[in-house]
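Please look over the sequence and the structure shown here before reading the briefing that follows. The notes afterwards are grouped by topic.

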Amino acid sequence: HMDRDYLVEEYHACWILARVWYRVTRPLHAGEQLTISTWHRGASSLIVYRDYDLFVGNEQVGEAVAAWVVADIDNRKMLRPSSIENIAISAPPEQVKERQLRLIRCPKDKKHVYDRTVRYSDLDVNGHMNNTRYMDWIDDLLPSDFHREHPVKEFTVCYHSEAREGQNLDLRWDFMADDCLRVDAYRKSEGKDELVFSSRVLFD
């Protein structure tokens, strides 16, 4: 059993989401009952992958892959999963997804910049910005008229550095030649730009 309480009590550590990829085959609607099937692939190197399948009834409507790391609560130094007991593959090999999540290399010549400050409602139990709020911030870059006509079909987010309450982030974004929305978020650290997260979003 590898929940947060177990890691805190036994290893003074916590799970940190490093990267996530998500794809849906159709828009999801209010009132639909979503069933999520999930398993992890076991541990290799510093990354623990978890796979997800999404269903409405018997219809598969999406899938996702998340890459997690285990880190010390205080100094955020990553721990090797092999040092943690009970991390073992939880699905048969034929069910495990093959997708590997690589770093996103976004072009730097983006036309738009939007400043936003991390607030209390953005935080998670570890005191940094909740991973779900990053996608909210990205969605807010575009007006509701756009979202009504172009629902999100696929996205990838890479989390490079934790964002904390009161920090101001510059979201630099644009639509690229591949028709994907690319977003990089930076904060100032000792006078230099520090990358906080990068993302790639594909719309219908």
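Over which ring does the charged end of R99 sit? In this predicted model, the charged end of R99 lies over the ring of W21, at 3.8 Å from the centre of that ring. The points below take up charges over rings, the nonpolar cores, the helix α2, the aromatic pairs and a buried aspartate, D53.

**Charges over rings**
- Besides R99 over W21, R41 is placed over the face of Y49, 4.4 Å from the ring centre.

**Nonpolar cores**
- The largest nonpolar core comprises 32 residues, and those with the most contacts inside it are L169, L171, L181, V183 and F197.
- At least two residues of this core come from each of β1 (13-24), β3, β4 (59-72), α2 (131-139), β7 (152-159), β8 (168-175), β9 (181-189) and β10 (192-203).
- A second core, separate from that one, has eleven residues, among them A18, V69, A71 and L101.
- Beyond its neighbours within four places in sequence, L171 contacts H112, V113, Y114, W137, L141, V183, D184, A185 and F197.

**Helix α2**
- The buried residues of α2 are R133, Y134, M135, W137 and I138, and they pack against β6 (112-117), β7, β8, β9 and β10.

**Aromatic pairs**
- Eight aromatic pairs are found in a search of the whole structure.
- One of them joins Y134 and F197 edge-to-face, with 4.8 Å from centre to centre and 90 degrees between the planes; this pair links distant parts of the chain, since Y134 belongs to helix α2 and F197 to strand β10, 63 residues apart.
- Y134 counts as buried because its relative accessible area is 3%, under the 20% cut-off, and F197 is likewise buried because its value is 0%.
- F175 in strand β8 and F203 in strand β10 are 28 residues apart, and their rings form a tilted pair with 6.2 Å between centres and 50 degrees between planes.
- In that pair F175 is partly exposed, with a relative accessible area of 32%, whereas F203 counts as buried at 11%.
- Ring pairs also connect Y134, Y159 and F197 into a cluster.

**The surroundings of D53**
- D53 is located in strand β3 (residues 47-56) and counts as buried because its relative accessibility is 11%.
- The side chain of D53 makes polar contacts with two other side chains, that of Q60 at 3.1 Å and that of K97 at 2.7 Å.
- Not counting residues up to four places away in sequence, D53 touches T35, I36, S37, W39, Q60, G62, E63 and K97.

How values were computed
Residues are numbered from 1 along each chain as its sequence is written. This is a predicted model: local features need pLDDT of at least 70, side-chain atom pairs count only at pLDDT 80 or more; totals for chains, interfaces and linings use all residues. Side-chain values use heavy atoms; hydrogens and water are left out. Helices (H or I, at least four residues) and strands (E, at least two) are DSSP runs, numbered from the N terminus. Buried means under 20% relative accessible area, exposed over 50%, partly exposed in between (1.4 Å probe, protein chains only). A polar contact is a pair of N or O atoms within 3.5 Å; within protein, one must be able to donate a hydrogen and the other to accept it, and residues adjacent in sequence count only if both atoms are side-chain atoms. Contact means heavy atoms within 4.5 Å. A nonpolar core is a set of buried Ala, Val, Leu, Ile, Met, Phe, Trp, Tyr and Cys residues joined through side-chain atoms within 4.5 Å. Rings of Phe, Tyr and Trp (its six-membered ring) pair if their centres lie within 6.5 Å; planes under 30 degrees apart count as stacked, over 60 as edge-to-face and the rest as tilted. A charge sits over a ring if NZ of Lys or CZ of Arg is within 6 Å of the ring centre and within 35 degrees of the ring normal.
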